[in-house]
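The following exercises concern a single protein chain. Each consists of a task and a solution worked in steps.

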Amino acid sequence: MTAGTSPSPTEQRETPHRSGFACFVGRPNAGKSTLTNALVGTKVAITSNRPQTTRHTVRGIVHRPDAQLVLVDTPGLHKPRTLLGERLNDVVRTTWAEVDVIGFCLPADQKLGPGDRYIATELAGIKKTPKVAIVTKTDLVEPEQLAQQLIAIDRLGKELGLEWAEIVPVSAVGDQQVDLLADLLVPLLPEGPTLYAEGDLTDEPEQVMVAELIREAALEGVRDELPHSIAVVVEEMLPREGRPADRPLLDIHANLYIERPSQKGIIIGPKGRRLKDVGTKSRKHIEALLGTPVFLDLHVKVAKDWQRDPKQLRKLGF
């Protein structure tokens, strides 16, 4: 094609449409959810600076003229200490087996540790799927430290016989190289038609997303005391009857489950202030997500040692 002319129909046909699934893996708190949200351009995955907050496989969908990239966000792989931990690890491995490309997230501001090597060793066993090393949180380090991290990741791959399709530094918070990452992931996807409708950003049921937003708000002030002890179940979401069409209201009833009666006071707070705060914060995000005013009814309940009890785990959706 000569400069200044538009591509001919034949040339346009030469770039086939690609669509497929990518998943981000990494130690807990490696920036996987934040990266998913940055690529999709909206909040679909729960983010927090407390490791191990993602429990559901949340898919974010990136729409491009040449491709549709479906991001599967998995829990962080870790050495499990509870039945919940074992189940979360099983979710990760099942996901790896089903995606077209795997992005391994390694924070720029932390030296490679045993957790990273544990995951890299697992990845080395997956032969066919292309693997991209993504160095996250680059906004937190100087160029020299970033260079050292890139070299360390390259070396780790060579040691384990793990071939990186790409090694990409990004900052989801600083919006640096996020588009470049998408550009590098797309060619690794198979050719194919779109898998989801144009406006879709996630295929996660609304009730699950609402529960995640409530849990994120509930974790906000009590991360050190109750890191993993909170589960949220949305019991029902119903439009309020008798409201005029131009003033709808959605009633949402949800239960926050904790493991011990002593944790109840922590969540509710003095004179119920903490729980009220959780309701106010999460309601804003829920209204933005659903595009409608919401009345949120929250209750705190005890499900004794639910992380270790198979029956309770089933009831709470794990």
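**Exercise 1. The strand E5**

Which residues point one way from E5, which point the other way, and are they buried or exposed?

Solution. The model is a predicted one, in which local features need pLDDT of at least 70 and side-chain atom pairs count only at pLDDT 80 or more, while totals for chains, interfaces and linings use all residues. Residues are numbered from 1 along each chain as its sequence is written, and side-chain values use heavy atoms, with hydrogens and water left out.

Step 1. Fix the terms. Helices (H or I, at least four residues) and strands (E, at least two) are DSSP runs, numbered from the N terminus. Buried means under 20% relative accessible area, exposed over 50%, and partly exposed in between, with a 1.4 Å probe and protein chains only.

Step 2. Assign the sides. Lys-131, Ala-133 and Val-135 point one way from E5, whereas Val-132, Ile-134 and Thr-136 point the other way; all are buried.

Step 3. Draw the conclusion. Because 6 of the 6 residues of E5 are buried, this strand is largely enclosed by the rest of the structure.

**Exercise 2. Strand pairing and crossovers**

Determine which strands pair with E4 and E5, and describe the helical connections.

Solution. Step 1. Apply the pairing criterion: two strands pair if DSSP finds at least two bridges between them. Strand E1 (residues 18-25) is joined to E4 by 4 bridges, and the two run parallel. In this pair, Ala-22 stands opposite Val-101 in E4.

Step 2. Proceed to the next pair. E4 and strand E5 (residues 131-136) run parallel and are joined by 6 bridges. Gly-103 stands opposite Val-132 in E5, and Pro-107 is opposite Thr-136.

Step 3. Continue to E6. E5 pairs with strand E6 (residues 164-169) in the parallel sense over 5 bridges. Val-132 has Glu-166 as its bridge partner in E6.

Step 4. Trace the connections. A crossover is right-handed if, with the strands pointing away from the viewer, the path from the first strand over the helix to the second runs clockwise. The chain passes from E5 through helix H5 (residues 143-160) to E6 in a β-α-β crossover that is right-handed. E4, helix H4 (residues 114-124) and E5 likewise make a right-handed β-α-β unit.

Step 5. Examine the burial of E4. Strand E4 (residues 101-107) has 7 of its 7 residues buried. Val-101, Gly-103, Cys-105 and Pro-107 lie on one side, and Ile-102, Phe-104 and Leu-106 on the other, so that both faces are covered.

**Exercise 3. The cysteines**

Why is Cys-23 not bonded to Cys-105?

Solution. Step 1. State the criterion: a disulfide is a pair of cysteine sulfur atoms within 2.5 Å.

Step 2. Compare the distance. The closest cysteine sulfur to that of Cys-23 is in Cys-105, 9.3 Å away, which is too far for a bond. By this rule the count is 0 disulfides.

Step 3. Consider the surroundings. Cys-23 is buried, at 0% relative accessibility, and Cys-105 is buried at 0% as well.

**Exercise 4. Helices H2 and H9**

Assess the burial of H2, then the length and environment of H9.

Solution. Step 1. Because 7 of the 9 residues of helix H2 (residues 32-40) are buried, this helix is largely enclosed by the rest of the structure. Among them are Leu-35, Leu-39 and Val-40. Just after H2, Gly-41 takes a positive phi of about 90°.

Step 2. The expected span of a helix is 1.5 Å times one less than its number of residues. For the 18 residues of helix H9 (residues 273-290) this gives 26 Å, and the end C-alpha atoms are 25 Å apart, which agrees.

Step 3. The buried residues of H9 include Leu-275, Val-278 and Ile-286. Counting contact as heavy atoms within 4.5 Å, the elements that cover the buried residues of H9 include helix H7 (206-219) and strand E7 (231-239).

**Exercise 5. Positive phi outside glycine**

Where do Gln-177 and Lys-271 lie in the chain?

Solution. Step 1. Most residues other than glycine have a negative phi. Gln-177, not a glycine, has a positive phi of about 65°, and Lys-271, also not a glycine, has one of about 55°.

Step 2. Gln-177 lies in the loop between E6 and helix H6 (178-185); Lys-271 lies in the loop between H8 and H9.

Step 3. Gln-177 is partly exposed, with a relative accessible area of 37%, whereas Lys-271 is exposed at 81%.
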